[in-house]
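The following account guides a reader through one protein structure. Please keep the sequence and the three-dimensional view at hand while reading.

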Amino acid sequence: MSGAFFSHIKYKPDSQEQRIKEEAIAKWVARTAHPPRTVEDEEFINMLEKIDKRLTVPKKTKITNLVDQMYLAEKVKFKNRLAMARKVTIGIDIWTKKGLTASFLGVSACYLNVQDSKAEHILLNLKQMVHPHTANSIVTLVEECTEEWGILKEKIIMIITDNGSNMVSAFRVEEEDTSSDENDSNKDSDEEEEADERYGTLERTPCVVHTLQLVVNMVKKEQAIKRLLDKVRHLVRQFRKSSVATEWLLEQCGLILIKDCETRWSSSFLMWSRLLKVKDHVTSVADTMGWDCLLPSEWSYRDVATLAQKMSANMDLRFSCFLDVSASNFSPLAAAACFVDASVSAETLIDNDNDNIQNLLSKAEEYITRTSRSVPYQEEVTDDEDIRNAEVSEVPLQKRPRFRFFSAHRPSSKPKASIRQEVQKFKESLSHANPEESGMDFWSSQSSTMYPLLKPLALDLLAMPASEAFAERVFSLTGELSSGRRNRARITLERSAFLKLNKA
């Protein structure tokens, strides 16, 4: 009886139990983009009362205040982490809502969290854009974002974008005109165009995934291949729309056909692979259904080999910015990141006799030597020296050297760190490295005393992403957060995406 009586007593308004549950409700409202008035819905209140009868369901005003507090507190937390980061990679992408009612520029940041030596990727802002999506408007919004988060230009190691003409023009060399021409300004931001890569004070790096997609798009330019691909897609659609054909196919092989997304090369590859895997069963079911299937010659289309050679040459051209040291737009970042990755460095770079690979290795070492002289990495060594000096100052006076003048100018017992010596030491250690261990794990386990310059630089390089996939993932999420009755959400959209994605 007494237990049942106390179970109906509400938590005190200022109790820890009530506060924890209110914060949990606020977090759910914020991350799902539900309006705060949801907590006053009769069915919602009944549900919570069944879960916990002692809980007093908060009103929408309190939930609104809690969400605002949570958002501000999370921003301060990540702002402090960014302030401690030595280098930051910025990723940007543009998304337009269905119906073209609004466009947004997503800006993300990837950096090494120095507190736990792990790469961290977060959403910074979701900036609303107005048409046209010119290079100037992109630069303006990116600068607003970096200023808001206190990210200095010197900290930005690179900006990853797609290959759209507006993105390329946004980060061209300072001497060139940074405004898009009239034709570019009218292009949709998602359109991919061939353009020369240009690097200004903020180095732009093309997204690897988008660049691969441009290579795969060559299929659309080969009419014979395009007709075959359209025929395959038609066949797949027929199967996926027919429950009878799908059931028969499952009975014969236990698999179904996969539908692809034209803007995702990997999904097209999966569609082809599945179709080839079950081609005999597909042909049998199609004959039974009375459908036209692929001809025997189309299952092994010979002209695909010719196209593959063209695509290989095109891939070499597009990735010359990473692989060809003689290219005008060459960047040593990728080579440097591969070099410091102990799991691939020895086999891919150091032990490879190919002249091009050796040139890449040389450029990687040059970049590491040059970058290690920059402020953030020199400060790492300086901080260690300050700690040692502080330890000396704590020694009792009677135990210190009598001749202070000589002791002050006495050479340090430990020689000054040399980046070239550390690089050589790293090369020699690769023969004992565990190939199953990731680059981040390798450097996290290394002594900062042994690699005072190379270790922080290596961790920063390995924290860099190769694509802007995270920025695109933001828009997959915001599509859900702005659907249905939430379609007009503007202010809460950025906040909801921020809180949902930045959970660390």
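With which residue does Lys77 form a salt bridge? The partner is Glu74, and the closest N and O atoms of the two are 3.2 Å apart. The model examined here is a predicted one. Both Lys77 and Glu74 belong to helix 4, where they are 3 residues apart, about one turn of the helix. In general, an α-helix has 3.6 residues a turn, so residues three or four places apart point the same way. The two partners differ in cover: Lys77 is partly exposed, with a relative accessible area of 27%, whereas Glu74 has 18% and is buried, because buried means under 20%.

Helix 4 takes part in further salt bridges. Lys75 is paired with Glu148, the closest N and O atoms being 2.7 Å apart. Because Glu148 lies in helix 5 and Lys75 in helix 4, this pair ties together parts that are 73 residues apart in sequence. Lys75 is buried at a relative accessible area of 17%, while Glu148, at 29%, counts as partly exposed. Both residues also belong to a network of salt bridges that links Lys75, Lys127, Glu144 and Glu148.

Another salt bridge of this helix involves Lys62 and Glu22, whose closest N and O atoms are 3.0 Å apart. Lys62 lies in helix 4 (residues 60-84) and Glu22 in helix 2 (residues 16-32), so the pair ties together parts that are 40 residues apart in sequence. Here Glu22 is buried, with a relative accessible area of 7%, and Lys62 is partly exposed at 37%. Across the whole structure, a search finds 15 salt bridges.

The next element to consider is strand 1. Strand 1 (residues 88-96) is largely enclosed by the rest of the structure, since 9 of its 9 residues are buried. Val88, Ile90, Ile92, Ile94 and Thr96 point one way from the strand, and Thr89, Gly91, Asp93 and Trp95 point the other way; all of them are buried.

Which strands are joined to strand 1? Strand 2 (residues 103-113) runs antiparallel to strand 1 and is joined to it by 9 bridges. Within this pairing, Gly91 stands opposite Ser108 of strand 2. Strand 4 (residues 156-161) runs parallel to strand 1, with 4 bridges between them. Val88 has Ile156 as its bridge partner in strand 4. Strand 4 also contains Ile159, which counts as buried because its relative accessibility is 0%. The C-alpha atoms of Ile159 and Val88 are separated by 9.0 Å, although the two residues are 71 residues apart along the chain.

Two loops hold backbone features worth noting. In general, most residues other than glycine have a negative phi, and most peptide bonds are trans. Ser117, in the loop between strand 2 and strand 3, has a positive phi near 55 degrees. Ser117 counts as partly exposed, at 25% relative accessibility. The peptide bond from His131 to Pro132 is cis, with omega near 0 degrees. Pro132 is located in the loop between strand 3 (118-129) and helix 5 (135-148).

Further along the chain, helix 23 (residues 454-462) is mostly covered, with 9 of its 9 residues buried. Its buried residues include Lys455 and Asp460 as well as Leu454, Leu457 and Ala458.

The surface, finally, shows patches of several kinds. Arg237, Arg240, Lys241 and Lys259 gather in a patch of positive charge. Of these, Arg240 is found in helix 9 (residues 223-241) and is partly exposed, with a relative accessible area of 45%. A patch of negative charge is formed by Glu347, Asp351, Asp353 and Asp355. Glu347 has its place in helix 17 (residues 345-350) and counts as exposed, at 69% relative accessibility.

Which residues make the nonpolar surface patch? Val209, Trp265, Phe269 and Leu270 do, over about 380 Å². Helix 11 (residues 265-277) gives the most to this patch, with 3 residues. Leu270 lies in helix 11 and, at 46% relative accessibility, counts as partly exposed.

Conventions. Residues are numbered from 1 along each chain as its sequence is written. This is a predicted model: local features need pLDDT of at least 70, side-chain atom pairs count only at pLDDT 80 or more; totals for chains, interfaces and linings use all residues. Side-chain values use heavy atoms; hydrogens and water are left out. Patches are made of residues with over 30% relative accessible area and no salt bridge: like charges are joined within 9 Å, nonpolar side chains (Val, Leu, Ile, Met, Phe, Trp, Tyr) within 5 Å. Accessible areas come from the Shrake-Rupley method with a 1.4 Å probe; for residues, only the protein chains shown count as cover. A salt bridge is a side-chain nitrogen of Lys or Arg within 4 Å of a carboxyl oxygen of Asp or Glu. Lys and Arg count as positive and Asp and Glu as negative; His and the chain ends are not counted. The place of a charge is taken as NZ of Lys, CZ of Arg, CG of Asp or CD of Glu. Buried means under 20% relative accessible area, exposed over 50%, partly exposed in between (1.4 Å probe, protein chains only). Two strands pair if DSSP finds at least two bridges between them.
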